[in-house]
Amino acid sequence: MLVNLYRDKTPIAIFSLPLLIGLLALPIFFFPADQSYYFLKWQSDMEAQVIATPGLNYLFTVLLVSLNAHQLNNVYNRHTFYSKSSFLPGFIYVLLLFSFNELRFSPNLIAHLFLIFTLGQLLKLRRQEDAKAIIFWAAFFIGMAIAFSSFQTITLLLPWLALTVFKPFVWREWFMVLLGGAIPLAYYLSVLFMVKNGIDFKMAEVVPRPKITLDLFKLSSYALTILIITGSLLKYIMILRTEVIRFKKQSFVLLHFCWLSVVIWGIGYFIFEQIYLSFTLPFAFFIATALLHSGKKYTVNLIVIIWLIISVANVLL
């Protein structure tokens, strides 16, 4: 069963997860992808050039999503959210993207990779240890994410929020957020100046996506996904009450990342009618942890299999 396969870090799961991603990404060849429009024109142009060729779209999608899932698993296992190593967070990340019909190339997938690196840094924080280097690299990776997805600018608050969870105020550590986030911007401006002989923040023309029509499959897929997210979050909070203080502090960092990502999604969707799914990263942690701590293996597997089947029907029908 699916959850059992990815519950433990078994050798077969190393190959089966990229294979599953490859299978779920096959609709790219049969359904035209909707063009997204980003804050900066070059981001929209990059996506348009890739999705214009289905083979290139498929290749980049499988490679990026596989890399993101692998790195998400590494961060999860390195910081011991569960007693055993597992591939489940990466699997849940893939299912979340697929259930929202966003398993396709976009600059957001590149931004997700840098946000995962950010989480890997922030979860290293310790109360009694110097955090300047950690915060610098966390902010640096956020700056890289912003370069590919401008709406992630709000995420620059995350290192400061993480510092409030783990450590007392030290102005040098807080300053590192500004320094680390500014360096990728400086590189971006330098490259832009060399390529175009000037600095031009040309914004893309915002064209709304086609309106979503809620048929039975879409409504079922979205409703089940929301129920799974809500139930897993409640289960995670129950687990949180029984864990050590280290686990609790790491969880608060994830919760801060969660609400920041939801704000980004809300602004992007309700104002600009674009979809930004960075909330899939913390939710992958929450759902995976809830499933791993569940004693009802058959029930959990059944729910996930139904979730996958309905998501496939949503995409294909």
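Here is a short tour of a few spots in this predicted model: a helix pair, the nonpolar core, and some single residues.

**Two helices side by side**

Let's start with helix 4, which covers residues 54–78, and helix 5, which covers residues 88–99. Their axes are 7 Å apart, and the two helices pack at an angle of about 140°. That angle is why helix 4 counts as oblique to helix 5: the label "roughly antiparallel" is kept for angles over 145 degrees. As for handedness, helix 4 and helix 5 cross in a right-handed way.

Which residues make the contact? On the helix 4 side you'll find V65, N68, A69, L72, N73 and Y76. Helix 5 brings L88, P89, G90, Y93, V94 and L97. Sort the residues of this contact by type and you get 9 nonpolar, 3 polar and no charged.

**Into the core**

Next up is the largest nonpolar core, which has 88 residues. Which of its members touch the most other members? They are Y6, L88, F91, I92, Y93 and L125. L88 and Y93 turn up in the contact between helix 4 and helix 5 too. As background, nonpolar side chains in soluble globular proteins tend to be buried together.

Take a closer look at Y6. Skipping its neighbours within four places in sequence, Y6 is in contact with A13, S16, L17, L20, S86, F87, L88 and F91.

One of those partners, A13, sits in helix 2, residues 11–24. Is A13 buried or exposed? With a relative accessible area of 1%, A13 is buried, because the cut-off for buried is under 20%. Again leaving out neighbours within four places in sequence, A13 is in contact with L5, Y6, P18 and F87. A13 and L2 are 11 residues apart along the chain, and 10.0 Å separates their C-alpha atoms.

**Two loop residues with positive phi**

Most residues other than glycine have a negative phi. Here are two residues with a positive value:

| Residue | Phi | Loop | Relative accessibility |
|---|---|---|---|
| T80 | near 50° | between helix 4 and helix 5 | 55% |
| N101 | about 55° | between helix 5 and helix 6 | 40% |

Neither T80 nor N101 is a glycine. At 55% relative accessibility T80 counts as exposed, since exposed means over 50%. N101, at 40%, counts as partly exposed. The helix that follows the loop of N101, helix 6, spans 107–122.

Technical notes
Residues are numbered from 1 along each chain as its sequence is written. This is a predicted model: local features need pLDDT of at least 70, side-chain atom pairs count only at pLDDT 80 or more; totals for chains, interfaces and linings use all residues. Side-chain values use heavy atoms; hydrogens and water are left out. Axes are lines fitted to C-alpha atoms, for helices over the stretch in contact, and angles run from 0 to 180 degrees between N-to-C directions. Helices (H or I, at least four residues) and strands (E, at least two) are DSSP runs, numbered from the N terminus. Angles under 35 degrees count as roughly parallel, over 145 as roughly antiparallel, 65 to 115 as roughly perpendicular and the rest as oblique. A crossing is left-handed if the near helix is turned anticlockwise from the far one by less than a right angle, and right-handed if clockwise. Contact means heavy atoms within 4.5 Å. Ala, Val, Leu, Ile, Met, Phe, Trp, Tyr, Cys and Pro count as nonpolar, Asp, Glu, Lys and Arg as charged, and the others, Gly among them, as polar. A nonpolar core is a set of buried Ala, Val, Leu, Ile, Met, Phe, Trp, Tyr and Cys residues joined through side-chain atoms within 4.5 Å. Buried means under 20% relative accessible area, exposed over 50%, partly exposed in between (1.4 Å probe, protein chains only).
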